[in-house]
Amino acid sequence: MSTKLERLFYIDALIHDGSYPSAKTFMERFEVSERTILNDIQFLKDRLNAPIQYSRAQRGYFYTDSSWRLSTFPVTEGDLLAFFLSIELTHRYLGTPFEQPLRDSMQRLSNILPDKVQISISELSSHYSVRTGATAETNSETLLTLQKAIQDQHPVNMLYFTAQRGQETERIVHPYHLFNMRGEWHLIAFDRFRQGVRQFALPRIRALHILDEETFETDSTFSPEYYFKKSFQSEHGENTVEVTLLFDAYQARYIRERAYHSSQKLEEQPDGTVIMRFSTGAIGEVQRWIMSYGSHVRVLAPKSLAESVISEFRAGLQQYDDSQ
């Protein structure tokens with residue numbers, strides 16, 4: 001799999017060699033169609049003002065001005081840094097098969113830049129790291145298969161492990177959207193059996209295949225933005241409620257630094273505490289998040305959430321009492 005950027009630099013390099021490369025040369029190198037190569041060459045001519053001409057005598061392309069360089073393309077060290085960080089994020093969140101084409105392209109890009117705009121990839125690696133925490137690994141083929149199904153609007157038959165019940169079930173779904181939360185990939189899809197939009201963790205998909213003979217229409221009322229408004233972190237719920245939390249003065253210093261939900265509103269209190277309000281349907285995820293702050297937060301509303309937190313803390317305390 002080649003990128004357009006990779007092809008542009010390779011085309012430029014071979015033409016500069018003076019070997020009069022033909023479209024077939026590039027087609028064989030990248031395993032793409034003639035139309036793709038011709039579009040790339042036209043892009044160089046129209047958008048980057050490359051002085052490319054075709055020689056009928058030599059049956060290949062050449063530059064009418066040999067001093068023209070693709071390295072005049074405006075690339076800065078900041079651009080290279082952004083490219084490098086995209087490679088690191090790709091490696092962490094997509095996997096090695098997606099990473100290598102980007103890494104190869106960056107190496108070629110770095111090699112042709114002027115001396116004053118050079119960054120060592122190995123040096124950058126020693127300066128930056130991307131850590132994802134405790135995450136479940138996603139098979140890259142699963143991600144690619146689902147992306148193709150979404151693009152072509154084909155249903156997917158999959159064997160899915162439901163952790164809550166500890167069971168594997170066969171599902172036919174209409175895949176709508178993929179998203180990554182804290183390093184783990186999730187699929188939003190219409191579940192034919194449940195007759196509704198459901199969320200699936202990709203690491204729990206045991207097997208899948210695209211139903212090429214079928215197509216589906218995405219529900220016109222679905223949008224990722226609206227879906228996530230009812231979510232909290234990686235969990236989703238349809239029945240939204242307003243959550244009101246009181247953080248003590250110590251924890252408030254950290255709470256002010258982040259946006260935890262798109263509907264979040266903070267109300268400063270005279271004693272340094274802060275009240276947070278937001279609406280969500282993912283109460284289970286909210287409860288786990290609240291409990292991670294221990295005594296530094298108190299649930300003001302809804303009452304059912306406060307009672308559930310109290311019950312869970314009591315059950316946890318009982319675990320320690322029983323062990324004495």
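User: How do you know that β5 and β6 pair, and in which sense do they run?

Analyst: Happy to walk through it. In this predicted model, β5 and β6 are joined by six bridges in the antiparallel sense. Two strands pair if at least two bridges are found between them, so β5 and β6 qualify. One position to look at is Ala-189, which stands opposite Arg-198 in β6.

User: What makes β6 and β7 the edge strands of their sheet?

Analyst: Follow the order of this open sheet of five strands: β6-β5-β4-β3-β7, with antiparallel pairing. β6 and β7 (205-210) each pair on one side only, and that makes them the edge strands. Neighbouring strands here are turned by 45 degrees against each other on average, direction ignored.

User: Why is one side of β11 and of β13 left without a neighbour in the sheet?

Analyst: They belong to an open sheet of four strands, ordered β11-β12-β10-β13 and paired antiparallel. β11 (265-268) and β13 stand at its edges with a single partner strand each, so one side of each has no neighbour in the sheet. The average turn between neighbouring strands of this sheet is 25 degrees, direction ignored.

User: How do you know that β10 pairs with β12 and also with β13?

Analyst: Count the bridges again. Strand β10 (residues 241-247) is joined to strand β12 (residues 274-280) by seven bridges, and the two run antiparallel. With strand β13 (residues 297-301), β10 has four bridges, also in the antiparallel sense. The requirement is at least two bridges, so β10 pairs with β12 and with β13. On the β12 side, Val-241 stands opposite Thr-280, and Phe-247 has Val-274 as its bridge partner. On the β13 side, Leu-246 stands opposite Arg-298.

User: Which helix lies across β10, β12 and β13, and at what angle does it run to β10?

Analyst: That is α10, which runs at about 5 degrees to β10. Angles under 35 degrees count as roughly parallel, so α10 and β10 are roughly parallel by that cut-off.

User: Why are α1 and α3 called roughly perpendicular?

Analyst: The axes of helix α1 (residues 4-16) and helix α3 (residues 34-47) cross at roughly 70 degrees and come within 10 Å. The range for roughly perpendicular is 65 to 115 degrees, and α1 and α3 therefore earn that description. Their contact is made by Lys-4, Arg-7, Leu-8 and Ile-11 of α1, together with α3 residues including Ile-37, Ile-41, Phe-43 and Leu-44. The residues of this contact divide into six nonpolar, two polar and three charged.

User: What makes up the lining of the largest pocket?

Analyst: The largest pocket has a volume of about 890 Å³. Of the 29 residues that line it, the closest to its centre are Tyr-160, Gln-199, Arg-204, Ser-234 and Glu-235. At least two lining residues come from each of β3 (156-162), β4 (167-181), β5 (184-191), β6 (196-201), β9 (235-236) and α10 (283-291). β6 gives the most, with five residues. By kind, the lining divides into ten nonpolar, eight polar and eleven charged residues.

User: How do you know that Tyr-160 belongs to the lining of that pocket?

Analyst: A lining residue has an atom within 4 Å of a pocket point. Tyr-160 is among the residues that line the largest pocket, so Tyr-160 has an atom within that cut-off.

Methods: Residues are numbered from 1 along each chain as its sequence is written. This is a predicted model: local features need pLDDT of at least 70, side-chain atom pairs count only at pLDDT 80 or more; totals for chains, interfaces and linings use all residues. Side-chain values use heavy atoms; hydrogens and water are left out. On a 1 Å grid over the protein atoms alone, a cavity is a set of points where a 1.4 Å probe fits but cannot get out, and a pocket is an open set with protein on both sides within 12 Å along at least five of seven lines; lining residues have an atom within 4 Å of a point. Grid points are joined across faces, edges and corners, and a volume is the space filled by probe spheres set on the points. Ala, Val, Leu, Ile, Met, Phe, Trp, Tyr, Cys and Pro count as nonpolar, Asp, Glu, Lys and Arg as charged, and the others, Gly among them, as polar. Axes are lines fitted to C-alpha atoms, for helices over the stretch in contact, and angles run from 0 to 180 degrees between N-to-C directions. Angles under 35 degrees count as roughly parallel, over 145 as roughly antiparallel, 65 to 115 as roughly perpendicular and the rest as oblique. Contact means heavy atoms within 4.5 Å.
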